[in-house]
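Me: Please take a close look at one part of this model, the charged side chains and what they meet. Start from a single arginine and work outward to the DNA.

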There are 2 protein chains.
Amino acid sequence: MERDVFSALADPTRRQMLDLLVRHEQAAGELGRAFPSISQPGISRHLRVLREAGLVRVRQVRRNRYYSLRSERLAEVDAWITKYRGFWGVELDSLEAYLDAKKRTRAEDRS
Amino acid sequence: MERDVFSALADPTRRQMLDLLVRHEQAAGELGRAFPSISQPGISRHLRVLREAGLVRVRQVRRNRYYSLRSERLAEVDAWITKYRGFWGVELDSLEAYLDAKKRTRAEDRS
DNA sequence: ACATCATATACCTGTGTGGTTATGAATTGG
DNA sequence: CCAATTCATAACCACACAGGTATATGATGT
């Protein structure tokens, strides 16, 4: 438990797993099928690392373990990188555009 | 050469180094003094990793090697994490606050 | 109770990484 | 030229990690 988020993100397979989970929660086996070159235990261990880093949560439903994304830790990474955001300029604008869109969405949610 | 940015960021010492470099460029030795528990070759190798990941550049001036931050790769990480930004809501506000402050700074720069 | 499915754990193995000390290479000052 | 400074590289060690196969665990269906 209590594993470093950055080292959990260091592995490309685990990053891909998160990329898959961002769409919707997914069972371990389902996830594993996206990585045919890795054995089932390999998948399971990657998921364990993500769990221990707090990047995913698990929900057991019958025989399946459904993994889903947890935002908190990723937000920490985002907070860390915010310190450096002053170093590039162009991207700020697209980020602002994104935030504007997001704000509108949230406003609609409330209405 | 051509090393993965995320694995370069996986080490806490290297992240601290970047945190120091975000203020201003710094000579290797100067940087090293911030980590008294690590030997000089240790510092040098961390800097090599950062170099190979494209996270820093070096400029030689007389006897000193001045390291400074390179934004491109960090921007890549930022782009990656952008995919997940939809997953947290509260943090968006502080991010907006940051952007507002930044925009004001940039406006002042132009005036 | 038993077989099956879904996932996790145990154990081994090769490779990578962070740390060290010792040494090399380039620059500078006397 | 020699010594000191500044930094990088080499060689080595301990350990962590990703991968595999084999096995355990737990829940479901018959």
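Reply: This is a predicted model. R15(B) is buried, with a relative accessible area of 11%. Its partner is D4(A), in a salt bridge whose closest N and O atoms are 3.6 Å apart. That pair crosses between chains: R15(B) sits in helix α2 (residues 12–21) of chain B, and D4(A) in the segment before α1 of chain A. D4(A) counts as partly exposed, at 29% relative accessibility. A buried arginine thus faces a partly exposed aspartate. Under 20% is the cut-off for buried, so the 11% of R15(B) qualifies.

Now take R15(A). It is found in helix α2 (residues 12–21) of chain A. At 11% relative accessibility, R15(A) counts as buried. What does R15(A) touch, leaving out residues up to four places away in sequence? The list is L9(A), A10(A), D4(B), F6(B), W80(B) and Y84(B). L9(A) and A10(A) are in chain A, while D4(B), F6(B), W80(B) and Y84(B) are in chain B.

Next, the segment before α1 of chain A again. R3(A) forms a salt bridge with E52(A), with 3.1 Å between the closest N and O atoms. The pair links distant parts of the chain. R3(A) lies in the segment before α1 (5–9), E52(A) in helix α4 of chain A, and 49 residues separate them. R3(A) is partly exposed, with a relative accessible area of 37%. E52(A) is buried, at 18%.

In chain B, E52(B) has a partner in its own helix. The side chains of R48(B) and E52(B) meet in a salt bridge, 3.4 Å from N to O. Why can these two reach each other along helix α4 of chain B? R48(B) and E52(B) are four residues apart in that helix, so about one helical turn separates them. R48(B) is partly exposed, with a relative accessible area of 43%. E52(B) is buried, at 18%.

Side chains of opposite charge can pair when their charged atoms come close. Over all chains, the count comes to 18 salt bridges. Among the residues involved are D78(A), R85(A), D78(B) and R85(B), which are linked in a network of salt bridges.

A word on chain A as a whole. It has six helices and three strands. From the N terminus, its elements run α-α-β-α-α-β-β-α-α. Of its 111 residues, 42% count as buried. Among contacts in chain A with a separation of 6 or more, 52% are between residues 24 or more positions apart. The accessible surface of chain A comes to about 6,500 Å², and 47% of that belongs to carbon and sulfur atoms.

Now the DNA, beginning with strand C. 24 residues surround DNA strand C. The closest are Q40(A), Y67(A), R14(B), R45(B) and H46(B). Two of these have listed phosphate contacts. A polar side-chain atom of R14(B) lies 2.7 Å from a phosphate oxygen of strand C. For H46(B), the distance from a polar side-chain atom to a phosphate oxygen of strand C is 2.3 Å. N64(A) reaches a sugar or linking oxygen of strand C instead, with an N or O atom of its side chain at 3.1 Å. Of the strand C atoms within 4 Å of the protein, 61% belong to sugar or phosphate, the rest to bases.

Which element gives the most to the surface near strand C? α4(A) does, with five residues. The residues of that surface divide into six nonpolar, eight polar and ten charged.

Strand D has its own set of neighbours. 25 residues surround DNA strand D, and the closest are R14(A), H46(A), R62(A), S44(B) and Y67(B). R14(A) has a polar side-chain atom 2.7 Å from a phosphate oxygen of strand D. S39(A) places a polar side-chain atom 2.9 Å from a phosphate oxygen of strand D. From chain B, the side chain of N64(B) has an N or O atom 3.3 Å from a sugar or linking oxygen of strand D. α4 of chain A, together with α3 (28–32), α4 and β3 (64–69) of chain B, are the elements that give two or more residues to this surface. The largest share, six residues, comes from α4(B). Six nonpolar, eight polar and eleven charged residues make up the surface near strand D. Sugar or phosphate accounts for 59% of the strand D atoms within 4 Å of the protein, and bases for the rest.

Methods. Residues numbered from 1 in each chain as written. Chains lettered and ligands numbered in written order. Predicted model: local features only at pLDDT ≥ 70, side-chain atom pairs only at ≥ 80, totals over all residues. Heavy atoms only, no water. Near = heavy atom within 4 Å. Polar contact = N/O pair within 3.5 Å; in protein donor to acceptor, adjacent residues only side chain to side chain. Nonpolar A, V, L, I, M, F, W, Y, C, P; charged D, E, K, R; others polar. Salt bridge = Lys/Arg side-chain N within 4 Å of Asp/Glu carboxyl O. Buried < 20%, exposed > 50% of the residue type's maximum accessible area, 1.4 Å probe, protein only. Contact = heavy atoms within 4.5 Å. Areas by Shrake-Rupley, 256 points an atom, 1.4 Å probe, with all protein chains shown as cover.
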